[in-house]
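Please describe this protein model for a reader at the bench, covering its fold, its core and its charged contacts.

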Amino acid sequence: DNSWHHIVAVVDASTGTLKLYKDGVLYDNTITFDTSSGYGVNSDPLVLCRHYDRYFNGVLDDIRIYNTNLTDTQISNIYNNNTFASNDKIYVVRRI
């Protein structure tokens with residue numbers, strides 16, 4: 001649709017589930033994967049925007065990787081306010 005969108009993927013490797021959020025709202029929580037494959041626990045490099053011989057045709061900006069699963073509220077706050085709270089701390093995300 002030629003518009004910028006805020007996309008978040010939350011992966012839970014222990015249950016083999018992935019939640020997708022679009023513009024701060026849960027978009028799909030029915031994605032599953034085989035946990036026996038070692039998904040997310042290997043030394044392979046992280047590759048974005050490529051699936052075998054197909055590549056993403058677009059622009060990415062402000063990519064972030066967190067070491068914890070964000071909650072629905074945190075994702076909504078990041079989308080709406082560029083802030084999120086964790087362990088009673090408020091993190092402000094600045095766009096440069």
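Relative accessible area sorts residues into three classes, where buried means under 20%, exposed means over 50%, and partly exposed lies in between, with a 1.4 Å probe and protein chains only. The model is predicted, so that local features need pLDDT of at least 70 and side-chain atom pairs count only at pLDDT 80 or more, while totals for chains, interfaces and linings use all residues. Residues are numbered from 1 along each chain as its sequence is written, and side-chain values use heavy atoms, with hydrogens and water left out.

The protein chain contains one helix and seven strands, arranged along the sequence as β-β-β-β-β-α-β-β; here helices (H or I, at least four residues) and strands (E, at least two) are DSSP runs, numbered from the N terminus. Of the 96 residues in the protein chain, 15% are buried.

Strands count as paired if DSSP finds at least two bridges between them. The two pairings listed below are both hairpins, described by their bridges and by a turn residue with positive phi.

| Strand pair | Bridges | Residues between strands | Residue with positive phi |
|---|---|---|---|
| β1 and β2, antiparallel | six bridges | four residues | G16, near 70 degrees |
| β2 and β3, antiparallel | five bridges | two residues | D23, about 55 degrees |

Within the first pair, I7 has K22 in β2 as its bridge partner, and within the second, Y21 is partnered by L26 in β3.

Y21 also belongs to the largest nonpolar core, whose six residues are V8, V10, Y21, L70, I75 and I78. β1 (7-12) and α1 (72-81) each supply at least two residues of this core. A nonpolar core is a set of buried Ala, Val, Leu, Ile, Met, Phe, Trp, Tyr and Cys residues joined through side-chain atoms within 4.5 Å. S76 lies in helix α1 and is partly exposed, with a relative accessible area of 23%. Although S76 and Y21 are 55 residues apart in sequence, their C-alpha atoms are 9.1 Å apart in space.

Which side chains meet in a salt bridge? The side chains of D62 and R64 do, at 2.7 Å from N to O, and the structure holds one such salt bridge, defined as a side-chain nitrogen of Lys or Arg within 4 Å of a carboxyl oxygen of Asp or Glu. D62 is partly exposed, with a relative accessible area of 38%, and R64 is likewise partly exposed, at 27%.
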